[in-house]
Amino acid sequence: MKKLLCIALILALMLTTGTFVMAEEAAAAPKYVFLFIGDGQGIPQITAAQFYLGTMENPDASMPVPGHLSFTQFPYLGMVTTYDATSFCPDSSSTASAMASGEKILSGSLNFNVELTDPLKIITEYIKESGTGRKVGVATSVSLDHATPSAFYAKAASRSEYYNIATQGMGENSVLDYLAGGAFVRENGPDGVDENVYEIGKRNGFNIVDTNEGIRALNSESGKTLVLTPGRESDGSLHYAIDSERRMAQGEDVILLKDLVEAGINVLDNENGFFFMVEGGKVDWAGHANDAVTSIRETLNFSDAINVAIQFASEHPDETLIVVTGDHETGGLTIGFATTKYDTHFNYLYDQTISFYDFDKVIEELRAQGAGFTAALAEIEKYYGLTMSSESPLYMTEADLERLEYAFNLSMIPEDDRELTAADTLAYGGYEPLSMAVCHILNNKAGIAYTSYSHTGLQLPVYATGVGAEKFAGLYDNTDIFFKMADVMNLEV
C-alpha cells in the first residue's frame with residue numbers, strides 16, 4: 001500500500017511539475033512583438049550608415065570609429081538566405097511572403113503557392129485565430145499596398161493587383177487593427193465602378209486619419225485605424241528622410257516613420273498585446289537609384305523608428321520581442337572603390353541635402369527654363385557640394401565635368417524623345433541621367449559604389465532582443481522567420 005501511495009505521489013508531482021513547466025513556457029511568450037523589415041537593407045547599407053554616423057560623430061578621430069544604430073547592439077544576431085522559388089536575386093513580394101507565410105514563392109506573387117492556385121495562410125491570420133486577442137498593425141514609409149506591407153495582410157497572384165490587395169486590407173475579414181503609411185496606389189477598381197477602398201474601410205469600422213494632428217492624437221480608444229500620411233509624394237509614399245529633414249529645417253511639420261510607429265503603439269497597446277510589422281521601404285528605392293546618401297539617411301530614419309519600439313520595450317522589459325531584418329539587398333552597394341583604393345571619405349557625403357527624387361524636380365525646372373550647363377552646375381554645388389573650386393576635396397575633374405555635361409544634355413531632352421544607347425542604359429539604369437551621374441561621382445569620391453540597379457542575392461542579418469530573441473540567432477532561411485515568430489508566440493501552425 002505504501003509503495004502504491006509513493007508511486008501515486010510521484011505521478012502527481014510529475015503531473016504538477018509538467019503543468020507548472022507548461023504554464024511557465026506559455027507565460028514566456030512575449031506579449032508585444034515587433035518585426036522591423038528594412039526593404040533593400042543588407043549588411044552594406046547598415047555598415048555604410050554606421051560609418052557615415054561614426055565619421056560625423058568623431059570628426060577628429062585618429063582612426064575609423066563606426067557609429068551604432070539603435071539595433072546594432074542587440075544581443076542576438078542571425079543571418080538569413082533570401083532566394084525565392086524563381087531566383088537567387090528575389091523580389092520584395094516573394095521575400096516578404098516567405099517571412100509572412102513560411103513558404104518559398106514566385107517573384108512577383110504575394111502569399112500564393114508556386115502554381116498560383118492556392119493562397120497561403122499568413123502569420124497574422126494565425127495570430128487572429130489564436131484566440132489570444134492580440135491586435136495586428138502594419139506601418140510603412142511607402143504606399144500601403146506595396147509588396148512588403150501587403151504580405152502581412154493580403155494574398156494575390158500578382159503584387160500589382162493593387163485594388164484587390166487594398167480591399168483585403170480594408171475588408172470585413174481584414175486582419176488589421178492599424179495600417180499606416182502613404183496611401184493606396186489604386187483606391188478604385190480597374191473598371192472604375194468598384195467601391196472606393198476608403199469607403200470600404202469606413203464601412204468596416206476603420207477610423208481614417210489624414211492630418212498630422214490626428215496622427216499624434218491617436219490612442220487606445222481610436223479603434224481600427226487607417227493612417228494616410230499627409231504631404232506624401234504622388235506615388236503614395238512618405239518623403240525621403242533627407243528631403244523631410246530639409247523641409248523641417250524650413251519650418252514644415254512633417255510626419256516621419258517613427259511617428260507612425262509611435263501612433264501605432266498607441267492604437268495597438270492593450271492587455272492582450274500586439275504584433276506590429278514596420279517597413280522602412282525607401283532604403284530599397286534609394287538603392288535602386290544608386291543614391292548612397294539618401295539610402296544612408298533612410299537607414300538612419302529606420303533606426304529612429306526602431307528606437308521608438310526600444311523605448312516601449314524598456315517599459316515592458318519582460319513582455320517584448322523586437323526583431324530587425326531586411327527582405328533583400330538592393331543595388332549591390334560596396335564600400336571601397338577603384339580610384340580611392342583603401343581610403344574612404346564618408347565626410348564627403350555630408351554636403352548632399354537632397355534625394356535623387358527631388359533633384360529630378362530641379363532638373364525638370366532647368367529643362368522647362370531651357371537652362372544651360374552652368375546653371376545646372378550651380379544647382380549641383382548647392383545640393384551636393386560638388387564644385388569647380390580646386391581647393392575643395394569635392395573638386396570636379398575634367399573627366400567628371402565631361403560625364404556631367406553628357407548626362408545634362410540627355411536630361412534636357414524630354415524623356416519620350418531621348419535616344420539612349422546601350423551604354424546610357426547601363427550607366428543610368430532608366431533613371432534621370434543627370435541625377436545618376438551626380439550620385440555616382442559623389443559616391444565614388446567618397447569611396448563607395450554600386451554594382452546594380454536591381455536586387456542582389458546577399459544573405460541578410462537578423463537582430464533580436466527581448467523575450468525569445470535567442471531563437472533568432474544562427475544561420476537559417478528567411479522562411480524560418482515565420483516559424484520562429486510562430487514558436488515564440490505559441491501559435492499552432
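## Helix H13

Helices are DSSP runs of H or I with at least four residues, and strands are E runs with at least two, both numbered from the N terminus. At 1.5 Å a residue, the 14 residues of helix H13 (residues 356-369) should span 20 Å, and the end C-alpha atoms of H13 are indeed 20 Å apart, which agrees; the expected span is 1.5 Å times one less than the number of residues. This is a predicted model, in which local features need pLDDT of at least 70 and side-chain atom pairs count only at pLDDT 80 or more, while totals for chains, interfaces and linings use all residues. Residues are numbered from 1 along each chain as its sequence is written, and side-chain values use heavy atoms, with hydrogens and water left out.

The buried residues of H13 (buried means under 20% relative accessible area, exposed over 50%, partly exposed in between, with a 1.4 Å probe and protein chains only) are Phe356, Tyr357, Asp358, Phe359, Val362, Ile363 and Leu366. They pack against several helices, among them H9, H12 and helix H17 (433-446), where contact means heavy atoms within 4.5 Å. After H13 comes glycine 370, whose phi is positive, near 65 degrees.

## The sheet and its strand S1

An open sheet of 10 strands, with mixed pairing, follows the order S5-S6-S4-S3-S7-S1-S8-S13-S2-S14, and two strands pair if DSSP finds at least two bridges between them. Strand S5 (207-209) and strand S14 (474-477) stand at the edges, each with a single partner strand, so one side of each is left without a neighbour in the sheet.

In strand S1, 7 of the 7 residues are buried, so S1 is largely enclosed by the rest of the structure. Tyr32, Phe34, Phe36 and Gly38 are buried on one side of S1, and Val33, Leu35 and Ile37 are buried on the other. S1 runs parallel to S7, to which 7 bridges join it, and leucine 35 has methionine 277 of S7 as its bridge partner. With S8, S1 also pairs in the parallel sense over 7 bridges, and here glycine 38 stands opposite glycine 326.

## Helices H9 and H12

The axes of helix H9 (residues 241-249) and helix H12 (residues 292-315) come within 8 Å and cross at roughly 80 degrees; axes are lines fitted to C-alpha atoms, for helices over the stretch in contact, and angles run from 0 to 180 degrees between N-to-C directions. That makes H9 roughly perpendicular to H12, a term for angles of 65 to 115 degrees. Ala241, Ile242 and Glu245 of H9 make the contact with Val293, Thr294, Arg297, Glu298 and Asn301 of H12.

Note on methods:
Angles under 35 degrees count as roughly parallel, over 145 as roughly antiparallel, 65 to 115 as roughly perpendicular and the rest as oblique.
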